[in-house]
Amino acid sequence: MKRVTLFAGHYGSGKTNIAVNYALKLRETHERVLIADLDIVNPYFRTKDSLDELTRAGVRLISSEYANSNVDLPALPTEMYAITDDTSSMAVVDIGGDDRGAYALGRYQPAILEENDYDMLFVCNMYRPLTTTPEDTIQVLREIEAACGIPFTGIVNNSNLGEQTAPEDVLASLPYADQIAWETGLSVRFTSVRADLVPALTGKVETLFPLTLQKKYY
Amino acid sequence: MAEKVLMKGNEAIAEAAIRCGCRHYFGYPITPQTEIAAYMAKRMPKIGGTFLQAESEVAAINMVIGAASAGVRVMTSSSSPGISLKSEGLSYMAGCDLPALVVNVQRGGPGLGGIQPSQSDYFQATRGGGHGDYHMIVLAPASVQEMASLTAKAFDLADKYRMTSMILADGTMGQMMEPVELSEGEVKPIEKPWAASGTQMAREHNIINSLSLVPEELEKLNFARYEKYKAVVENETMYEEYMMDDADICVVAFGIAARVSKNAVLAAREAGIRAGMIRPITLWPFPAAPVKAAAAHCKSFISVELNMGQMIEDVRLASECARPAYLCNRVGGMIPSPEQVLEKIKEINGGVQ
């Protein structure tokens, strides 16, 4: 397992939910875990929404003080350097959507590459309108790599239709994720699904990662 | 043919617009509707359309006037403060009788306000928006699916009546993600003999202008426009009724407030209170007839709004004040909870007994 895990992908692909769940999971086996919110694009649906849960679990959150303040300002705290400076912590990094969101990661790229103990995971959802085909999805993947200068090392299949997701929807997305993996030479690290779908999919999907959803609107 | 995808409300508007033939988008970014522009920026170049980020909202709406004059389907989108900037253009478009789609994903105001959801532009939208006597057709979606379907409807109505259609949504509707079934958008070609689309040396020039210096003629234009509005009121009013058949208390709510209120009405029924809801889908024309009909059997109305009480005036007008109308609201970017609405229903129910 690498010390730093970075989650990037298309806007609205589910990065934040996965990053929060992943950090909480890591905390079960590691004493020091931090999660960093590197999103400078979206003023809503931030890692900070899960502050209470993360704090309770003993996961350190590094996030802009402007996150969730409604100040629509793309800013990052100096504390963010802990991603690469504090090598005693496992680090999970939640990156903003698309290439636009990934530019901010570029600042930390030299140190991440130098330490060379990272996993850069591409989160994809076949049911998002601009990434319904492997071809379109790989284009987004390449744009993100170009923006931040860090090549991806794995794929996370997070194909879902929100609350309406049925096990069949997840199964229907497996060839899509495999095709992306095959064309990019990467492997599908895991398929993330809403926790209640796990029983129906066990044995049918190689590596399942159960998600507790972060936020519910009306 | 329909496919199911997971979309943000803002994205659903953009994709639906493209599917019904809109190839021209002019706008200026503002939270919470920026995804519309971002989506258009990605999609338009791939389908031979035009996405243009203008230098300002004022520029964007004037580009819309130009494209609409040429007879193509065109849209712009913004959020509350940006719509105020565009309102001069909205008035000019009414004066020119130009069809276009304008989207307002409202945020809390007045002034720059905040970036959280609001419905406080109800007056501005339903009373025209800019100066002069005019109306826009105003549609209020209450789901991501409706963000898509009402966008298509808005374009059709705009072309049919040569009017500006407005989607009046709010930050929640724009940002929330829900599964959507997108239809393959049927583009019905509509003849626009009035458009400045080239004479082909076969006809006189079409002149599109809102300047009219002869008062007798300007009066005639205004009268004619209001005759058209009468037809819109008669034929295009849309609303949803929920548990209204035997209702004692009629909740009136649109958009996000209607989603909240539906849960409250259901909870009230479980508590033995006969509550129902009218959800206006067109805010202009306002569904006056069902509200008036409700006044015959309901003891009172509750208008649930994310503003200081704007639609409640239309509820009172439509019901001719035959029954009391009470306001249940949150403002400034706050959303009423189902519990708050239920409390109001209980309070009114107790008071009237």
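Helices here are DSSP runs of H or I with at least four residues, strands are E runs of at least two, and the numbering starts at the N terminus. By that rule, α9 of chain B spans residues 255-270, and B:Gly272 just after α9(B) takes a positive phi of about 85°. The model is predicted. This briefing covers chain B: its side towards chain A, the packing of its helices, and selected residues and backbone features.

**Side of chain B that touches chain A**

- Chain B puts 21 residues in contact with 17 residues of chain A.
- At least two residues each come from β1 (2-8), α1, α7 (171-175), β8 (177-183) and α9 (255-270) of chain B.
- β1(B) gives the most, with five residues.
- By type, this side of chain B has nine nonpolar, five polar and seven charged residues.

**Helix α1 against helix α6, chain B**

- α1(B) covers residues 9-19 and α6(B) covers residues 144-161.
- Their axes are 8 Å apart, and the packing angle is about 30°.
- Angles under 35 degrees count as roughly parallel. α1(B) and α6(B) are therefore roughly parallel to each other.
- The crossing of α1(B) past α6(B) is right-handed.
- From α1(B), the contact uses B:Gly9, B:Ala12, B:Ile13, B:Glu15, B:Ala16 and B:Ala17.
- From α6(B), the contact uses B:Val144, B:Met147, B:Ala148, B:Thr151 and B:Ala152.
- Eight of these contact residues are nonpolar, two are polar and one is charged.

**Helix α1 against helix α2, chain B**

- α2(B) covers residues 34-43.
- The axes of α1(B) and α2(B) come within 8 Å and cross at roughly 40°.
- The two helices, α1(B) and α2(B), are therefore oblique to each other.
- α1(B) passes α2(B) with right-handed geometry.
- On the α1(B) side, the residues are B:Asn10, B:Glu11, B:Ile13, B:Ala14, B:Glu15 and B:Ile18.
- On the α2(B) side, they are B:Glu35, B:Ile36, B:Tyr39, B:Met40 and B:Arg43.
- This contact of α1(B) with α2(B) holds six nonpolar, one polar and four charged residues.
- B:Ile13 and B:Glu15 of α1(B) appear in the contact with α6(B) and in the contact with α2(B).

**Helix α9, chain B**

- α9(B) has 16 residues.
- From first to last C-alpha, α9(B) reaches 23 Å, close to the 22 Å expected at 1.5 Å a residue.
- Buried positions in α9(B) include B:Gly255, B:Ile256, B:Ala257, B:Ala258, B:Arg259 and B:Val260.
- Further along α9(B), B:Ser261, B:Lys262, B:Ala264, B:Val265 and B:Ala268 are buried.

**B:Pro338**

- B:Pro338 sits in helix α12 (residues 338-352) of chain B.
- B:Pro338 has 18 C-beta neighbours inside 10 Å, so it counts as partly exposed.
- Leaving aside residues up to four places away in sequence, B:Pro338 touches B:Val260, B:Asn263, B:Ala264 and B:Ala267.
- Two of these partners, B:Val260 and B:Ala264, are buried residues of α9(B).
- B:Pro338 and B:Ile190 are 148 residues apart in sequence, with 43 Å between their C-alpha atoms.

**B:Lys42**

- B:Lys42 belongs to helix α2 of chain B.
- B:Lys42 counts as partly exposed because it has 16 C-beta neighbours inside 10 Å.
- The C-alpha of B:Lys42 is 39 Å from that of B:Ala202, 160 residues apart along the chain.

**Cis peptide bonds**

- B:Thr31 and B:Pro32 are joined by a cis peptide bond, with omega about 10°.
- B:Pro32 lies in the loop between β2 (24-27) and α2 of chain B.
- The bond from B:Trp284 to B:Pro285 is cis, with omega near 0°.
- B:Pro285 lies in the loop between β12 (282-284) and α10 (288-295) of chain B.

**Positive phi outside glycine**

- B:Arg162 is not a glycine, yet its phi is positive, about 50°.
- B:Arg162 is placed in the loop between α6 and β7 (164-170) of chain B.
- B:Arg162 has 18 other C-beta atoms within 10 Å, so it is partly exposed.
- B:Gln200, a residue other than glycine, has a positive phi near 50°.
- The loop between β8 and α8 (215-236) of chain B holds B:Gln200.
- B:Gln200 has 6 C-beta neighbours inside 10 Å, so it counts as exposed.

Conventions:
Residues are numbered from 1 along each chain as its sequence is written. Chains are lettered from A and ligands numbered from 1 in the order in which they are written. This is a predicted model: local features need pLDDT of at least 70, side-chain atom pairs count only at pLDDT 80 or more; totals for chains, interfaces and linings use all residues. Axes are lines fitted to C-alpha atoms, for helices over the stretch in contact, and angles run from 0 to 180 degrees between N-to-C directions. Angles under 35 degrees count as roughly parallel, over 145 as roughly antiparallel, 65 to 115 as roughly perpendicular and the rest as oblique. A crossing is left-handed if the near helix is turned anticlockwise from the far one by less than a right angle, and right-handed if clockwise. Two residues are in contact if their C-beta atoms, placed from the backbone, lie within 7 Å. Ala, Val, Leu, Ile, Met, Phe, Trp, Tyr, Cys and Pro count as nonpolar, Asp, Glu, Lys and Arg as charged, and the others, Gly among them, as polar. The expected span of a helix is 1.5 Å times one less than its number of residues. A residue is buried if 20 or more other C-beta atoms lie within 10 Å of its own, exposed if 12 or fewer, and partly exposed in between; C-beta atoms are placed from the backbone.
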